[in-house]
Amino acid sequence: MGSASSAYRVIYLDVDGRSQKVVFSRFCSPCDIKELLCSALGLPRNTTIFLLDVTGAMVSEELFQNVLTQVAEQFSRAFKINELKTEVTNRLAMLEKRVELEGLKVVEIEKCRSDIKKLREEMASRNNRSVTRKPFLEDNKKLTPRRDMPSYPKYHLSQETVEALRKPTFDVWQWEPNEMLSCLEHIYHDLGLVKDFSINPITLKRWLLCIHDNYRNNPFHNFRHCFCVTQMMYSMVHLCSLQERFTQMDILILITAAVCHDLDHPGYNNTYQINARTELAVRYNDISPLENHHCAVAFQIFSQPDCNIFSNFDPETFKQIRQGTITLILATDMARHGEILDSFKQKVDSFDFTNEEHVTCLKMVLIKCCDISNEVRPMEVAEPWVDCLLEEYFMQSDREKLEGLPVAPFMDREKVTKPTAQIGFIKFVLIPMFETVMKLFPQIEAAMVQPLRESRDRYEELKQIDDAMNEVRGALGRAIQAQHTEVMGTLPTRGPQTHLALISGPKKEK
Ligand SMILES: [Zn+2]
């Protein structure tokens with residue numbers, strides 16, 4: 001153990017003008033020291049040595065023995081201190097290595113961060129370019145219906161798909177746009193809407209195709225979201241036997257409003273529109289700019305004869321369907337959530353299906369339920385939607401940061417996590433609303449409310465795991481810091497170093 005210099009100590013004796021070197025090992029006892037001195041002086045090992053003081057008086061043997069013992073102890077201490085020094089140096093080197101590695105990681109993380117920042121900026125600048133494109137009203141390209149027969153291949157839905165489509169457990173991810181269009185078409189036929197309102201089946205196809213073309217490819221507010229909301233409404237019509245309680249006109253309004261409810265959504269919410277003073281906000285005076293826009297686009301599409309599924313309607317019926325659809329689409333503005341739910345709560349205990357105001361309020365709550373119903377779906381179907389929504393939120397908050405606009409904490413990638421985003425929303429928005437609807441339709445408890453409770457519990461567990469991980473990370477960081485401080489504290493101070501120098505310093509040869 002230890003270097004050569006720490007394994008022994010040397011002193012020099014002046015023997016009749018000659019310099020004699022005496023090497024002490026760390027294991028030397030007082031007896032060994034005495035023998036070493038004898039051999040240095042050229043005397044037999046067992047020679048009795050007397051120590052004289054400066055006056056030439058003899059120092060007692062006992063005292064001499066004590067001196068030898070002290071010298072041996074000092075050597076031993078010096079060796080121990082040396083060993084401790086080596087150990088501390090080694091530990092320090094190890095820690096330095098770790099700190100260096102951690103430092104490298106930090107550098108790598110910083111590099112990743114800057115790469116991500118660059119990518120975000122690039123995406124934001126691309127988005128800026130796409131958002132400043134021609135406003136919808138001037139963009140006739142998409143609005144123009146296709147004159148030819150709808151080009152999407154006819155998909156025959158299997159009996160299995162037809163059955164599954166009626167349930168909230170339907171897997172919305174396994175279908176391509178054409179298949180989703182076939183499902184929507186099937187919904188209009190299956191509910192008897194095509195027959196009861198004499199809708200031209202070809203116009204229905206063309207209209208749906210035009211609807212598809214007028215949803216943008218946002219991470220969340222896209223055509224698949226439109227399909228999800230409509231499919232959930234269709235499930236609720238079956239689950240709550242709504243056709244027994246509502247008129248066919250109400251059903252037509254519910255389904256059509258669901259199909260149209262997010263048309264041409266730009267991917268940035270009302271708050272952004274208002275704060276950034278966009279063209280939409282200016283046009284609609286900051287009052288639900290997006291929802292007003294979705295409605296306007298829907299009726300621009302209906303204004304095209306080839307896409308007007310209501311062309312056979314008399315003016316009074318068309319007025320009804322227009323008013324009903326507008327009311328429902330405008331109800332999807334979450335800024336009005338409290339107002340709409342409170343109004344429904346006042347009616348629910350004495351609900352009257354013959355009261356138009358009651359029925360309208362219920363329809364508003366139903367489209368709201370469907371609009372935010374992803375967490376009602378099985379976990380594997382629901383969870384990817386959270387990522388899509390966060391992606392859209394982050395796109396917005398990044399842009400808000402770039403433009404110096406206020407950023408909502410729930411959209412900020414620095415502040416939000418999947419569990420924190422979901423728990424509050426499920427607990428305080430979804431469950432209270434679905435439980436209120438449950439008073440009127442107890443059958444939704446097992447199919448819709450229970451999955452919401454399970455999802456809440458799952459995200460709460462995930463949050464606990466997240467919190468525990470953060471706790472461990474924090475403790476680890478503190479421990480490394482503490483260890484580092486401790487080692488720095490045990491580094492040899494000036495005292496022992498001076499002492500070592502005194503003991504091992506070579507004597508002058510002359
Ligand atoms: Zn929506």
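Which residue follows α2, and is its phi positive or negative? See point 4.

1. A caveat up front: this is a predicted model, where local features need pLDDT of at least 70, side-chain atom pairs count only at pLDDT 80 or more, and totals for chains, interfaces and linings use all residues. Numbering runs from 1 along each chain as its sequence is written, and side-chain values use heavy atoms, with hydrogens and water left out.

2. The zinc ion has His 225 (NE2), His 261 (NE2), Asp 262 (OD) and Asp 371 (OD) coordinating it at 2.1 Å. Donors here are N, O and S atoms within 2.8 Å of the metal (3.2 Å for Na, K and Ca); water is not among the atoms, so sites may look incomplete. Along the chain the spacing reads H-x35-H-D-x108-D. Two of these ligands are buried (under 20% relative accessible area, with exposed over 50% and partly exposed in between; 1.4 Å probe, protein chains only): His 261 at 0% and Asp 262 at 5%.

3. UniProt lists His 221 under "active site", in an unreviewed entry; such annotations may be inferred rather than shown by experiment. His 221 sits in the loop between α8 (201–213) and α9 (223–239), and is buried at 17% relative accessibility. Leaving aside residues up to four places away in sequence, His 221 touches Arg 216, Asp 262, His 265 and Glu 392 (contact: heavy atoms within 4.5 Å).

4. Back to helix α2 (residues 30–40), whose buried residues are Pro 30, Ile 33, Leu 37, Cys 38 and Ala 40. Those residues fall within an arc of 165° seen down the axis, so they line one face of α2. Helices are DSSP runs (H or I, at least four residues), numbered from the N terminus. Gly 42 follows α2, with a positive phi near 75°.

Methods: Helix = DSSP H or I, 4+ residues; strand = E, 2+ residues; numbered from the N terminus. Arc of directions from axis to C-beta.
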